[in-house]
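Welcome to this guided tour. Keep your viewer open, and select each part as we come to it.

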Amino acid sequence: MGAFLRFGEYIGTIRLLPMDHGLAPCEKLVARHGIDPEMRHGSWEVGRLVLAPRYRSGPDSLKRCLFLTLVHLIENTDVENLFASCTPLLSRLYRRFGFNVVVKDASQEEGETYSLIHGTVPDVLRALAGTPEERRLAENILALRELSQEEAMA
């Protein structure tokens with residue numbers, strides 16, 4: 001669980017759960033729909049992102065919060081893949097953030113259908129990087145990850 005502060009004021013929260021440990025609700029959807037095990041490697045569920053009403057007016061606040069969250073996650077864990085479940089309306093927004101719908105009608109709860117979405121760290125990080133500084137940071141992080149993976153294989 002994480003929280004977002006802006007000028008000392010809490011403006012939102014997010015929940016991140018490692019997958020394949022029986023903790024993340026998306027695990028049931030992934031298993032039910034036979035998602036490729038390759039996509040499950042180093043996977044985390046992104047969920048319960050809530051922003052204060054005055055920060056919900058556009059995608060920029062959401063994008064920035066997700067970018068900061070992903071940078072923190074990358075720097076502190078082994079993460080390769082991200083999953084979430086969301087309404088079809090939100091899945092369109094998340095596609096702009098580097099996610100893809102892997103199962104359109106993955107579940108139904110209280111009359112609402114939910115899609116299962118997935119994104120790789122490079123795709124999502126690049127899509128979330130909104131400023132030139134964020135793009136440079138994203139590319140530096142990805143280059144360091146690649147170098148670290150190459151060294152681990154050598």
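Helices and strands here are DSSP runs, numbered from the N terminus: a helix needs at least four residues and a strand at least two. The model you are looking at is predicted.

**Stop 1: the whole chain**

Show the protein chain as a cartoon and colour it by secondary structure. You should find six helices and six strands. Follow the chain along the sequence, and the pattern reads β-β-α-α-β-α-β-α-β-β-α-α. The radius of gyration is 16 Å, close to the 15 Å that the globule rule gives for 154 residues, so the chain is as compact as a globular protein of that length. Turn the model around: along its principal axes, the C-alpha trace spans about 45 × 40 × 25 Å.

Now think about how the chain packs. Buried residues account for 40% of the 154 residues. Among contacts with a separation of 6 or more, 66% are between residues 24 or more positions apart.

**Stop 2: helix 3**

Select residues 59-76, which form helix 3. How far apart are its end C-alpha atoms? They are 26 Å apart, and this agrees with the 26 Å that 18 residues should span at 1.5 Å a residue. Next, show the side chains of Leu62, Cys65, Leu66, Phe67, Thr69, Leu70, Val71, Leu73 and Ile74, which are buried in this helix.

**Stop 3: an enclosed space**

Rolling a probe the size of a water molecule over the atoms shows where empty space is left. In this model, the count comes to one cavity of 30 Å³ or more. The largest cavity holds about 80 Å³ of space.

To see its walls, select Leu16, Val46, Leu66, Thr69, Leu70, Leu73, Leu82, Phe99, Val124 and Leu128. Which helix gives the largest share of this lining? Helix 3 does, with four residues. Helix 5 (121-128) also supplies at least two. Try colouring the lining by class: nine residues are nonpolar, one is polar and none is charged.

**Stop 4: an open pocket**

Move on to the largest pocket, where about 790 Å³ of space lies. Begin with Gly47, Arg48, Ser85, Cys86 and Tyr114, which lie nearest its centre among the 27 residues of the lining.

Then highlight the elements around the pocket. Helix 1 (26-32), strand 3 (43-51), strand 4 (81-86), helix 4 (88-95) and strand 5 (100-109) each supply at least two lining residues. The largest share, seven residues, comes from strand 3. Colour this lining by class too, and you will find 15 nonpolar, five polar and seven charged residues.

**Stop 5: two residues with a positive phi**

Most residues other than glycine have a negative phi. Our last stop visits two residues with a positive one.

First, select Phe7, in the loop between strand 1 (2-6) and strand 2 (9-18). The phi of Phe7 is near 50 degrees, a positive value in a residue other than glycine. Is Phe7 buried or exposed? Its relative accessibility is 78%, and exposed means over 50%, so Phe7 counts as exposed.

Finally, jump to Glu110, in the loop between strand 5 and strand 6 (112-120). Glu110 is not a glycine, yet its phi is positive, at about 50 degrees. With 86% relative accessibility, Glu110 counts as exposed.

Terms used: Residues numbered from 1 in each chain as written. Predicted model: local features only at pLDDT ≥ 70, side-chain atom pairs only at ≥ 80, totals over all residues. Heavy atoms only, no water. 1 Å grid on protein atoms, 1.4 Å probe; cavity = no way out; pocket = protein on both sides within 12 Å on 5 of 7 lines; lining within 4 Å. Points joined across faces, edges and corners; volume = space filled by probe spheres on them. Nonpolar A, V, L, I, M, F, W, Y, C, P; charged D, E, K, R; others polar. Expected span 1.5 Å × (residues − 1). Buried < 20%, exposed > 50% of the residue type's maximum accessible area, 1.4 Å probe, protein only. Rg over C-alpha atoms; globule rule 2.2 N^0.38 Å. Contact = heavy atoms within 4.5 Å.
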